[in-house]
Amino acid sequence: MSRGPGRIERAIADAFKANPRRALGVEELARIAYPGLAEVEKRHRVAIIRAADSVARGMGWRRLGGGPGVPLAYRGPAAENPRPLALDLFCGAGGASMGLHRAGYDVIGVDLFPQPRYPFPFFQADALRPPFDLRRFSLIWASPPCQAHTALKTMHNAREHANLIPATRAMLRASGVPYVIENVVGAPLIHPIRLCGTMFGLGVDDADAELRRHRLFETSFPALPLKCRHGAADVLGVYGGHVRNRRRRTIGVYGEGCRDSRRKGDKGVPDFSIEQGRAAMDIDWMTTAELSQAIPPDYAEYLGIFARIMARN
Ligand SMILES: C[S@@+](CC[C@H](N)C(=O)[O-])C[C@H]1O[C@@H](n2cnc3c(N)ncnc32)[C@H](O)[C@@H]1O
């Protein structure tokens, strides 16, 4: 007697049905098929791949593989109009990836360290030796570590940090694929454009705080610069017999927590909660440490849209 599809197959089939235009990674499928799982182990991956292969055949989904025999993800049958594929090198927990996803890309991330909260198909590898043919991608995003270029580099106990930007640029240029290299202000990028949270209205309304998070982006394609709108939404308060201009606060999301960047003095207690930090960045899946390394998805969405327009012309 045939027992029909099991629980894992049914969960995967439901996920495939609900997302015909997306790529679903093995990790993501494991979290759907095993709700509440703390960590996806090898045995879960093996079970997912076996079940997903079988469901994919019946539903017209395709494997979106890394190297030979390495299934990374499964792509839906909206294949006549497939989403272009972007590679996010040095992806961290995926702030930039989320923006590229919103701009219409399927995204694969690469990072040297495990990224359990990364929301798309993920590969743990050295970004300067990615296990892919780079020419398969429509766009490559790279966010090499910024410690070599921040104020911390001048501290007396600063560690030596390699500047990975030149090697990254050389690799991306050699691929011929449109690219973006992201880094902090002060990094040696070529003709970068600067983006800031205030350009996208980012901040926390209930704390009357705006996100001034400047980052530089070197793009291999033209993109329109924008202007910061610091303090654009000063709040007029009428109380206590006075009309006050309550200057907006600035929320800074750093390694030590979410702080008011204009407040001097005691650095002991964060000024904002992690929830406020997440709201300001428009990222709801990261820890404070991951958030402090990330860019708001809006920045990558903005540039991803330019890359798509340029690809059409
Ligand atoms: C600035 S964070 C990236 C943040 C990400 N763009 C975001 O928006 O969430 C830089 C990342 O580079 C990773 N990294 C450092 N050296 C690397 C290497 N050689 N290969 C791959 N990843 C590396 C770090 O683990 C870190 O997650």
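A residue is called buried here if 20 or more other C-beta atoms lie within 10 Å of its own, exposed if 12 or fewer do, and partly exposed in between, the C-beta atoms being placed from the backbone. By this rule, 39% of the 313 residues of the chain count as buried. The model is a predicted one, in which local features need pLDDT of at least 70 and side-chain atom pairs count only at pLDDT 80 or more, whereas totals for chains, interfaces and linings use all residues. Residues are numbered from 1 along each chain as its sequence is written.

**Overall make-up**

The chain has eight helices and 16 strands; helices (H or I, at least four residues) and strands (E, at least two) are DSSP runs, numbered from the N terminus. Two residues are taken to be in contact if their C-beta atoms, placed from the backbone, lie within 7 Å. Among the contacts with a separation of 6 or more, 57% join residues that are 24 or more positions apart.

**The seven-stranded sheet**

One open sheet has seven strands in the order S6-S5-S4-S7-S8-S12-S9, with mixed pairing, where two strands pair if DSSP finds at least two bridges between them. Strands S6 (122–124) and S9 (193–195) stand at the edges with a single partner strand each, so one side of each is left without a neighbour in the sheet. The twist averages 20° from one strand to the next; axes are lines fitted to C-alpha atoms, for helices over the stretch in contact, and angles run from 0 to 180 degrees between N-to-C directions. Helix H5 packs on this sheet, touching S7 and S8, and its direction makes about 170° with that of S8.

Strand S8 (residues 179–184) is mostly covered, five of its six residues being buried. Strand S8 pairs in the parallel sense with strand S7 (residues 139–142) over three bridges, and alanine 142 stands opposite isoleucine 181. With strand S12 (residues 215–219), strand S8 pairs in the antiparallel sense over five bridges, and here asparagine 183 stands opposite leucine 216.

Leucine 172 lies in helix H5 (residues 165–175) and counts as buried because 22 C-beta neighbours lie inside 10 Å. Leaving aside neighbours within four places in sequence, leucine 172 is in contact with Ile140, Ala142, Val177 and Tyr179. Its C-alpha atom is separated by 9.5 Å from that of serine 220, which is 48 residues away along the chain.

**The four-stranded sheet**

A further open sheet, of four strands, has the order S10-S11-S15-S16, again with mixed pairing. Strands S10 (203–204) and S16 (257–260) stand at its edges, each with a single partner strand, so one side of each has no neighbour in the sheet. Strands S11 (residues 209–210) and S15 (residues 249–254) pair in the parallel sense over two bridges, and the bridge partner of glutamate 210 is threonine 250 in S15. Helix H6 (residues 274–281) packs on the sheet and touches S10, S11, S15 and S16, with a direction about 100° from that of S15.

**Nonpolar cores**

A nonpolar core is a set of buried Ala, Val, Leu, Ile, Met, Phe, Trp, Tyr and Cys residues joined through C-beta atoms within 7 Å. The largest has 55 residues, and those with the most contacts inside it are Leu89, Ile140, Trp141, Ala142 and Ala280. Helix H8 (residues 297–312) gives the most to this core, with five residues. Apart from it lies another core, of 18 residues, among them Phe16, Leu29, Ile48 and Ala51.

**Surroundings of the ligand**

A residue is near a molecule if its C-beta atom, placed from the backbone, lies within 6 Å of it. The ligand is surrounded by 20 residues, the closest being Phe90, Gly92, Gly95, Ser143 and Ala294. Helix H4 (95–102) and strand S5 (106–111) are the elements that give two or more residues to this shell. Its residues divide into 13 nonpolar, five polar and two charged, where Ala, Val, Leu, Ile, Met, Phe, Trp, Tyr, Cys and Pro count as nonpolar, Asp, Glu, Lys and Arg as charged, and the others, Gly among them, as polar.

**Positive phi angles**

Most residues other than glycine have a negative phi. The table describes two residues with positive values.

| Residue | Phi | Loop | Exposure (other C-beta atoms within 10 Å) |
|---|---|---|---|
| Histidine 191 | about 40° | between S8 and S9 | exposed, 7 |
| Aspartate 282 | near 65° | between H6 and helix H7 (288–293) | partly exposed, 18 |
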